[in-house]
Amino acid sequence: MIYQPFTGKTAIVTGSANGIGFAIAQHLVAEGAKVVINDIDPAAAAAAVTKLNAGSEVHSYAFPGDAGDPEFIKRMVDFAANITNSRLEMVVANAGLTEFGDFFDFTPESFTKVVNLNLRGTFFLAQAAAKVMKAQGSGGNIVLIGSNVGERAYMNLAAYGMSKAGISMLAKQLTLPLGPLGISVNCVAPGATLTERTQKEEPDYAGTWAKLNPNNRVGQPEDVAATVAFMLSPASRHITGQTLLVDGGWTSYGPSPFFLREIAEDRPVTNGQNNTTAKAAEAIKLKQMVS
Ligand SMILES: NC(=O)c1ccc[n+]([C@@H]2O[C@H](COP(=O)([O-])OP(=O)(O)OC[C@H]3O[C@@H](n4cnc5c(N)ncnc54)[C@H](O)[C@@H]3O)[C@@H](O)[C@H]2O)c1
């Protein structure tokens with residue numbers, strides 16, 4: 001018998017036509033949920049729903065639109081709350097935007113794009129969903145999608161990193177108004193994960209990150225989906241306000257102190273790369289990490 005903890009429950013997953021969001025939707029459908037597939041791209045949302053509904057039963061519903069727009073969010077939450085024979089008890093604020101850019105040249109337009117979706121969208125989705133859950137009186141689960149870049153500085157991602165750190169703090173803040181209502185709020189923070197987007201950004205994305213992650217592998221969307229499903233399930237009922245990193249250990253380490261000393265003293269790297277100065281080695285490493 002398949003484990004189906006989500007039967008009779010509806011979930012909203014924003015930005016779920018592709019990538020991590022789609023994997024989350026797929027996992028929740030497999031475990032019994034009805035899922036509202038939101039995406040800014042209506043054709044992609046429709047295609048995702050077609051895949052998820054293969055067979056006789058309707059498991060998912062497309063609700064395309066901008067997950068950063070509070071008025072749209074209200075309409076989407078209202079739609080989800082009115083799906084028959086199911087209750088809106090799960091929300092995943094997954095849609096998020098990454099804008100790379102040098103700090104000195106970063107424009108107000110790029111800043112607004114990042115903050116509108118990552119922070120405003122996440123905040124008002126949690127608010128609208130929590131109102132429904134409060135009215136229903138049966139509690140609920142909210143998962144916010146953060147990032148490893150919300151925990152560690154990363155070249156050319158100042159606005160994005162700031163927004164993801166804000167999301168992590170939002171999970172803590174919301175324990176106070178929502179805990180007494182039986183609503184838990186957690187942040188699941190992926191590390192480098194192989195999706196259609198990241199694959200396009202860097203052809204050897206998987207190879208590069210398998211080298212950088214202590215566990216020698218790149219993250220797969222299903223790694224994040226399984227963690228989100230745990231956070232939404234009754235098994236995590238005493239966990240709230242937490243950020244759980246799904247990053248293969250990347251945020252657990254820092255550069256070796258010996259390596260840093262070599263850089264500070266601008267001495268050649270001694271570990272078999274004698275022809276490379278420490279600064280050059282650091283530059284190569286940073287380049288790998290941001291490409
Ligand atoms: N992929 C990674 O390596 C990684 C790492 C850390 C954190 N994350 C976070 O995980 C989440 C999902 O990442 P991903 O790489 O799967 O995303 P992605 O960039 O592939 O986008 C997923 C979907 O979101 C949709 N989308 C874009 N703007 C939207 C909007 N305004 N409203 C609704 N939908 C919108 C896109 O059309 C796309 O189908 C994001 O919050 C991202 O910041 C991803």
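In the predicted model, a nitrogen atom of the ligand lies 3.0 Å from a polar backbone atom of Ala-67. A second backbone contact involves Asn-94, a polar backbone atom of which is 2.7 Å from an oxygen atom of the ligand. On the side-chain level, a polar atom of Lys-164 is found 2.9 Å from a ligand oxygen atom. Of the 840 Å² of accessible area that the ligand has on its own, 88% is covered by the protein. The ligand is surrounded by 27 residues, the closest being Asp-39, Asn-94, Tyr-160, Thr-193 and Arg-197.

Helix H3 comprises the twelve residues 70–81. Its span from first to last C-alpha is 16 Å, close to the 16 Å expected at 1.5 Å a residue. At the start of H3, a side-chain oxygen of Asp-69 comes within 2.9 Å of the backbone nitrogen of Glu-71. The buried residues of the helix are Pro-70, Phe-72, Ile-73, Met-76, Val-77 and Ala-80. These residues lie on the same side of H3, because the arc they cover around the axis is only 150 degrees. An α-helix has 3.6 residues a turn, so residues three or four places apart point the same way. The buried residues of H3 pack against strands S1 (9–13), S2 (34–37) and S4 (87–93), and against helix H4 (108–136).

Over the whole protein, the secondary structure consists of ten helices and seven strands. Of the 291 residues, 49% are buried. Among contacts with a separation of 6 or more, 70% join residues 24 or more positions apart. The exposed surface of the protein is about 14300 Å², with 58% supplied by carbon and sulfur atoms.

How values were computed. Residues numbered from 1 in each chain as written. Predicted model: local features only at pLDDT ≥ 70, side-chain atom pairs only at ≥ 80, totals over all residues. Heavy atoms only, no water. Helix = DSSP H or I, 4+ residues; strand = E, 2+ residues; numbered from the N terminus. Expected span 1.5 Å × (residues − 1). Buried < 20%, exposed > 50% of the residue type's maximum accessible area, 1.4 Å probe, protein only. Arc of directions from axis to C-beta. Contact = heavy atoms within 4.5 Å. Polar contact = N/O pair within 3.5 Å; in protein donor to acceptor, adjacent residues only side chain to side chain. Areas by Shrake-Rupley, 256 points an atom, 1.4 Å probe, with all protein chains shown as cover. Near = heavy atom within 4 Å.
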